[in-house]
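User: Please take a close look at the site that holds the ligand in this model. I should like one connected account of its surroundings and of the empty space in the protein.

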Amino acid sequence: MRELTKKLKEQSALITGANTGIGKAVAVALANEGANVVINYVSHPELAAGVVDEIKFNGGVAIALQADVSKEDQVQAMFQEMYEQFGTIDILVNNAGLQKDSSIEHMTLADWQLVIDVNLTGQFLCAREAIKEFLRRGIVAERSCAAGKIICMSSVHEVIPWGGHVNYAASKGGIMQLMKSMAQELAPKKIRVNSIAPGAIQTQINRNAWETPQALQSLLTLIPYNRIGQPEDIGKCAAWLASDEADYITGATIFVDGGMTLYPGFSTNG
Ligand SMILES: NC(=O)c1ccc[n+]([C@@H]2O[C@H](COP(=O)([O-])OP(=O)(O)OC[C@H]3O[C@@H](n4cnc5c(N)ncnc54)[C@H](O)[C@@H]3O)[C@@H](O)[C@H]2O)c1
């Protein structure tokens, strides 16, 4: 009976950067809703294997595929391998991302380019492959009302400027327009494209913001809801957004941030 209530039953999903942090939690959440999931990773195959094992242990279906999302040939090979194993794709979660921080006067072109290549170009390359398959296959009504769903992992920094991280903020601002433009272009084809913009989620990417009590206290001044987010907060949102329960939502960014984008500094009149 429980099987029937799973929101993503028999759908195939690819989650980039899914061997750690938010990507891992999204993969587990989608698998819990019945999706067959591809765990993409670029390094640490043992962590990817651990996520696959965890999902299989809970009765799900998962495989791990290596690809650097910023490399066109590797992305295309990964999608081909996915189609050989799962037949098609219904859901893409563009999650892979990184930071390479420095003040702008010390930022090298290589550090700028790496972040743009992985965070923004990587999302374009993966979206393009998924879209080709969504358009080729069209709607399969038994699985979903939509021909395909893309979720872009953005950040509160698609709207909050971030000094010392201009490459990262620019990549996330770029994701906002990439997502909205794809959503506008593809809505008539019944392809939904949305973003999730996490606030501060406790993962390795921002370890220095929470690993000492002082750092955490300072971080909490930016979060009205007064707790750091957990990867599962994003996983739950992604599973719902990918499902037909969210069928009328496209071109939207959902902020999952405990109120970080509510300008908390103004709560005492600024
Ligand atoms: N943690 C936060 O507070 C937070 C906030 C806003 C947005 N985000 C976004 O969430 C996403 C996941 O970050 P996280 O917090 O889980 O950190 P994380 O470092 O645990 O995860 C990032 C993942 O991306 C992978 N990755 C990096 N370069 C890659 C490449 N070239 N090809 C494929 N995979 C690659 C990493 O191996 C890793 O698995 C990122 O896009 C990040 O910008 C995180």
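Analyst: The account below begins with the ligand, continues with the pocket and ends with the enclosed space.

The model is a predicted one. The shell around the ligand consists of 27 residues, and those that come nearest are I22, N95, Y168, I201 and T203. Three of these residues also supply polar atoms close to ligand oxygen, as follows. For I22, a polar backbone atom lies 2.8 Å from an oxygen atom of the ligand. A polar backbone atom of I201 is likewise found 2.8 Å from a ligand oxygen atom. With T203 the side chain is involved: one of its N or O atoms is 2.6 Å from an oxygen atom of the ligand. On its own the ligand has 820 Å² of accessible area, and the protein covers 91% of that area.

Two elements each give two or more residues to the shell, namely α1 (21-32) and α5 (166-186). By class, the shell contains 13 nonpolar residues, twelve polar residues and two charged residues.

The ligand occupies the space of the largest pocket. This pocket holds about 1300 Å³ of space. Its lining comprises 47 residues, of which G97, Q99, Y168, T203 and I205 are closest to the centre. Y168 and T203 thus appear in two lists, being among the residues that come nearest to the ligand and among those closest to the pocket centre.

The elements that contribute two or more residues to the lining of the largest pocket are α1, β2 (36-41), α4 (109-137) and α5. The greatest contribution is that of α1, which gives three residues. Helices α1 and α5 therefore recur, since each gives two or more residues to the ligand shell and to the pocket lining. In composition, the lining of the largest pocket divides into 23 nonpolar, 21 polar and three charged residues.

The enclosed space is a separate topic. There is one cavity of 30 Å³ or more. The largest cavity contains about 40 Å³ of space. Its lining is formed by Q11, D90, R137, V140, R143, S144, A146, A147, G148 and K149. These lining residues comprise three nonpolar, three polar and four charged residues. The charged residues of the cavity lining thus number four, while three charged residues are found in the lining of the largest pocket and two in the shell around the ligand.

Methods:
Residues numbered from 1 in each chain as written. Predicted model: local features only at pLDDT ≥ 70, side-chain atom pairs only at ≥ 80, totals over all residues. Heavy atoms only, no water. Near = heavy atom within 4 Å. Polar contact = N/O pair within 3.5 Å; in protein donor to acceptor, adjacent residues only side chain to side chain. Areas by Shrake-Rupley, 256 points an atom, 1.4 Å probe, with all protein chains shown as cover. 1 Å grid on protein atoms, 1.4 Å probe; cavity = no way out; pocket = protein on both sides within 12 Å on 5 of 7 lines; lining within 4 Å. Sits in = over half its atoms within 2 Å of the grid points. Helix = DSSP H or I, 4+ residues; strand = E, 2+ residues; numbered from the N terminus. Nonpolar A, V, L, I, M, F, W, Y, C, P; charged D, E, K, R; others polar. Points joined across faces, edges and corners; volume = space filled by probe spheres on them.
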